[in-house]
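Student: I would like to learn how to read the empty spaces inside a protein. Could you take me through an example?

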Amino acid sequence: MNKYDFDNDARFLRLLSLSFPNVAEASKEIINLQAILNLPKGTEHFLADIHGEHEAFVHILKNASGNIRRKVDEIFGTSIRESEKKALCTLIYYPEQKLELVRQEENDMDDWYHTTISQLVMVCREVSSKYTRSKVRKNLPSDFSYIIQELLHERTEDKNKTDYVGAIISSIISTGRADDFIVAISNVIQRLTIDQLHILGDVYDRGPGAHIIMDTLCGYHSWDIQWGNHDILWMGACAGNDACICNVIRIALRYANLVTLEEGYGINLMRLATFAMETYGEDPCEEFMPKVMGEDNLSDKNRLLIARMHKAITVLQFKTEAQLISRNPQWDMDDRMLMNTIDFAKGTCKVDGAVHKMTSCCFPTVNPGCPTEMTPEERSLMEQLHHSFLVSEKLRKHVIALLRHGCMYAVYNNNLLFHASIPLNSDGTLKDVELWHGEKYSGKALMHHIGMIIRTAFQNDAPCADRQYSTDFFLYLWCGKDSPLFDKSKMATFERYFITDKTTHVEDKGNYFKLRNNEEIMDMILDAFGITGENRHVINGHVPVHVVKGENPIKANGKLMVIDGGFSEPFHKETGIAGYTLVYHSRGFQLVQHEPFTSAEDAIKGCKDIKSTTLIVEMSQRRMMVADTDKGQEIKHQIAGLKELLYAYRHGVIKEMDIKQDMDV
């Protein structure tokens, strides 16, 4: 180290000296950071397209896509029976519930406690081995922090420590804290098995527990999300976009799943139900009968009510969408205002210039002279629904979490993460997309500026015109043909409800989906986002992988990994599986293919884990260390700054302070 430009660096070094006031403190931190660089890389866990399937999500989160079972197999091998391994894993996943069953079945609880606590300590020791003691300590519950630390760092192989460790475990049992300790250490194992959780979009819609998933994420130690089209729909509803509100309610009614709306977020649908019965009381609403997932417990009366509510909100959706499309002609979506093409006398409509017979033409709230105008009753209903979404505190809390932890894309350790697509021209070049004020962007700039627009919708101090456009823009992100979250020729909602000719239902996929198996295209996209190196990848979800048809989730010669295998129950028959997840640990990538999850109850009582198949995607020739990661690069910059500070101290440019000295800024 020779010299530094202290005129430019002095301010930085003086700020750094407040945290490391002398040579001893700066040197100690350098030693600590250098050691961290030589620890194994933390495990990253990737999930996409959860779609409200909270039980499967929570289970996969608890078992870390089989990572905990893999650790148990490595530790115990054949030293314990297969049934014992399953029971131990189930205990780690669901400690409170499993303990209740054990107490009912076990005759000698003290003996069981001794054996089980010893096994849990061994698993915890293994999953914590890639972290510093400081990081492990920060993840320990305060009640048992000291005890767990002692058990982790004292091994029974040391004869001098055998009695000491045994005495700790005996004391835990004799003081009646065994159950609490088992719950605590099981949660620590879950927490330390995964270093970073990546959600590649679509927490919401279809399944019953999106709000439970969001509650789980809000309590998770380290996570990020790349927003999906269904997340954007709910964010738009929270921002006050009426078309998004109607879409959210329509999808919930389509799948007869109102739990997230009513129980999760307190959205009041009584006015909608009353309006639907009054308006469509004589309409059979056959096109709007719900698609029930799982057991169909709906009575005929409830089914008909849901269908009528479904139709009422769908008509309202078409009207609110038309208003936004008319207000934003630059979206080029006039072809989606199909209410304007209906010939009410003939019962037909026009799609792409062709006339089609409609399945029904009963629209008592539609004025043929002005089809997109709301009736006074519809306007009053829309105002009530709008208010209900805006005052939902829990929805706002969850959307704020999505904003704080999320973005349109992210780059982690040479991997580009986004939900659906990067808009491309037919020749594979990045496509310019017009956003606001006539400005056009492509690739990385496009994704960045869309993120800025989304955030503007929630900024109270933003200009009114900007907030209005930002709020409107959620609809374009949901169904606009050049939206990176949709990227199709159209969203054929109207056609699927009212036209039997399935050629009108076709939604042509954008060029990204047509070209994504081309390695050169993936390399071009990675270059555009500034991602370098040999082992770089694009990881996304959005489009289910049709395993039953032989589709491979690994594309573009390994450059692209698609991990939406169909978490959502309606896709199980279509895909043949119940989702892909991805694990990226210090030795490489493993893709995990899951079969449908039955229930948490089955998992607890029968020790039934999700049946999963692990596929080796890419393994490193050497084990990756923290030094090989983005975090490692940050640490190297910190070390360089600390070395500058040492130089400054030793050459008298900055004076050292006693660590106990009062440091006046």
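Tutor: We shall go through the cavities of this structure, which is a predicted model.

Student: How is empty space found, and how many cavities of 30 Å³ or more does a search of the whole structure find?

Tutor: The general idea is that rolling a probe the size of a water molecule over the atoms shows where empty space is left. In this case, a search of the whole structure turns up three cavities of 30 Å³ or more. The largest cavity has a volume of about 110 Å³, and the second largest holds about 80 Å³ of space.

Student: Which elements each supply at least two residues of the lining of the largest cavity?

Tutor: These are α17 (300-327), α21 (464-479) and α22 (493-498), and the largest share, four residues, comes from α17. Among the lining residues are Gln-317, Phe-318, Met-333, Leu-475, Cys-479 and Phe-494.

Student: What classes of residue does the lining of the largest cavity have?

Tutor: Sorted by class, this lining has seven nonpolar, two polar and two charged residues, and the full list includes Glu-321 and Arg-336.

Student: Which residues line the second largest cavity?

Tutor: Its lining consists of Asp-205, Arg-206, Gly-207, Ala-210, Trp-234, Ile-251, Ala-252, Tyr-255, Asn-257, Thr-260 and Leu-261. Two or more of the lining residues are given by each of the elements α14 (242-254) and α15 (259-264).

Student: And how do the residues of the lining of the second largest cavity divide?

Tutor: Here the division is into six nonpolar, three polar and two charged residues.

Technical notes. Residues numbered from 1 in each chain as written. Predicted model: local features only at pLDDT ≥ 70, side-chain atom pairs only at ≥ 80, totals over all residues. Heavy atoms only, no water. 1 Å grid on protein atoms, 1.4 Å probe; cavity = no way out; pocket = protein on both sides within 12 Å on 5 of 7 lines; lining within 4 Å. Points joined across faces, edges and corners; volume = space filled by probe spheres on them. Nonpolar A, V, L, I, M, F, W, Y, C, P; charged D, E, K, R; others polar.
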